[in-house]
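I opened this model to look up a few things before going back to the bench. My notes follow in the order I checked them.

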Amino acid sequence: MNQNQKFAQWLELRIAYDAKARNLNVETSCQEYLQKHKHLKILDLGAGTGANCRYYFSKISQEQEWFLVEQNQELLEIAFDRLIVWAQENGYESQLQNSILVLKNQFHQITIHKIVGSILDLENLIDLNTFDLAIANAVFDLFSENQFQTLLECLKKYQLPLLATINYTGMNFIPQTDNDSCFIKYYHQHMQRHQYFGRGMGPNCGSSMWEAMNRIGMKVLQGESSWKISNNDPVLIELILGFMEESIPEIIEEATLQDELNTWLLKKQEMIAQNKLSCNVAHLDFWGYWEGCIT
Ligand SMILES: C[S@@+](CC[C@H](N)C(=O)[O-])C[C@H]1O[C@@H](n2cnc3c(N)ncnc32)[C@H](O)[C@@H]1O
């Protein structure tokens, strides 16, 4: 299994947790805003394997046209495979016409386009004039403040509203044990390490996004969307610990700290084996629109 296939597996696993966590106040405000549109043209930014649009299909009653924007082409290929399976499981016929996927049942038609490229290059990828909405799930904690600002400036130009869900703001294990705060801090430092585009917002994305959206003149609603992972549900906790095990050594230098990390991870594995470890992962959802644009 290659890296993309592994990542796709992680994205599939988190769907159920995202679905439970999404903030319904935020979601309902967005739905109310859109209800007068007869046809919706939607950008899914950082679409990955299409989990976000699969979530919204049944929540939108209008005819839908989706544009999945994703920098990783292989993930988009997997997205189309999964959308075809989704169609079979949900009573839709699917047709692939010139790389455009059309899903139909007797009531609805959903058209889906793949756009390989960067969210930061939207204007060069596609004509943004006719869109109604941009959405993004689990994307902006990866962005730097500057990148998010650049995107907002582009959305402002076209008066496009933004529904941004599941933006990571922090985590804790239950029960808490020695060194949890130390290694969560290193995990966050890794998210905010220096990269070619600057530093990702990581756990600060909640406050940074709120400020940036207000500063640029959007009307903004925010709400919590936390995962509550129970002690009877070890798979996701193991995956999160796996991410920590891989990433933290990239930013710690002292060998003693690596030993402490190994001991801490072992202790966590013991607790998982005894069904004694739960975990909360905190996120925020945002709905931002331009005043005067309510139709
Ligand atoms: C955590 S995944 C979330 C995927 C999907 N939204 C979901 O909910 O399953 C973040 C995705 O954003 C994509 N991404 C990050 N930065 C991007 C950029 N600048 N342009 C396009 N895609 C980007 C990544 O390739 C990845 O697929």
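**Entry 1: the ligand shell.** I am working from a predicted model. I began with the make-up of the shell around the ligand: 10 residues are nonpolar, 6 are polar and 1 is charged. That shell holds 17 residues. Gly46, Glu70, Ile119, Asn137 and Ala138 are the closest.

**Entry 2: polar atoms at the ligand.** Which residues place a backbone N or O atom or a polar side-chain atom by a ligand nitrogen? I noted three. Ile119 has a backbone N or O atom 2.9 Å from a nitrogen atom of the ligand. Ser118 uses its side chain, with a polar atom 3.2 Å from a ligand nitrogen. For Gln71 it is again a backbone N or O atom, at 3.3 Å from a nitrogen of the ligand. I then looked up how much of the ligand is covered. Taken alone, the ligand exposes 590 Å², and the protein buries 91% of that.

**Entry 3: Gln71.** I went back to Gln71 and asked where it sits. Gln71 is in the loop between strand E2 (63-70) and helix H4 (73-89). Is Gln71 buried or exposed? It counts as exposed, because its relative accessibility is 61%, and the cut-off for exposed is over 50%. I also checked a contact across the chain. Val116 is 45 residues away from Gln71 along the chain, yet their C-alpha atoms are separated by 5.3 Å.

**Entry 4: strand E6.** Next I looked at E6, residues 133-137. I found 5 of its 5 residues buried. In a regular strand, side chains alternate between the two faces of the sheet. I therefore checked each face of E6 on its own, and both are covered. Leu133, Ile135 and Asn137 are buried on one side. Ala134 and Ala136 are buried on the other. Asn137 also appears among the closest residues to the ligand.

**Entry 5: partners of E6.** Which strands pair with E6? Strand E1 (residues 39-45) pairs with E6 in the parallel sense, over 3 bridges. Strand E7 (residues 162-174) also runs parallel to E6, joined by 4 bridges. Ala134 has a partner in each strand. Leu43 stands opposite Ala134. In E7, the bridge partner of Ala134 is Leu162.

**Entry 6: backbone oddities.** I looked up the backbone angles next. Ala138 has a positive phi near 60 degrees, though it is not a glycine. Ala138 lies in the loop between E6 and helix H6 (145-157), and I had already listed it among the closest residues to the ligand. Ser99 also has a positive phi without being a glycine, near 70 degrees. Its loop runs between strand E3 (93-97) and strand E4 (100-104). Ser99 is partly exposed, with a relative accessible area of 47%. Then I found a cis peptide bond between Ile174 and Pro175, with omega about -5 degrees. Pro175 is in the loop between E7 and helix H7 (180-191).

**Entry 7: cysteines.** How many disulfides are in the whole structure? I found 0. A disulfide is a covalent bond between the sulfur atoms of two cysteines. I asked why Cys53 forms none. The closest cysteine sulfur to that of Cys53 is in Cys30, and at 15 Å it is too far for a bond. Cys53 counts as buried, at 0% relative accessibility. Cys30 counts as buried too, at 4%.

Key
Residues numbered from 1 in each chain as written. Predicted model: local features only at pLDDT ≥ 70, side-chain atom pairs only at ≥ 80, totals over all residues. Heavy atoms only, no water. Near = heavy atom within 4 Å. Polar contact = N/O pair within 3.5 Å; in protein donor to acceptor, adjacent residues only side chain to side chain. Areas by Shrake-Rupley, 256 points an atom, 1.4 Å probe, with all protein chains shown as cover. Nonpolar A, V, L, I, M, F, W, Y, C, P; charged D, E, K, R; others polar. Disulfide = S-S within 2.5 Å. Buried < 20%, exposed > 50% of the residue type's maximum accessible area, 1.4 Å probe, protein only. Helix = DSSP H or I, 4+ residues; strand = E, 2+ residues; numbered from the N terminus. Pairing = 2+ DSSP bridges.
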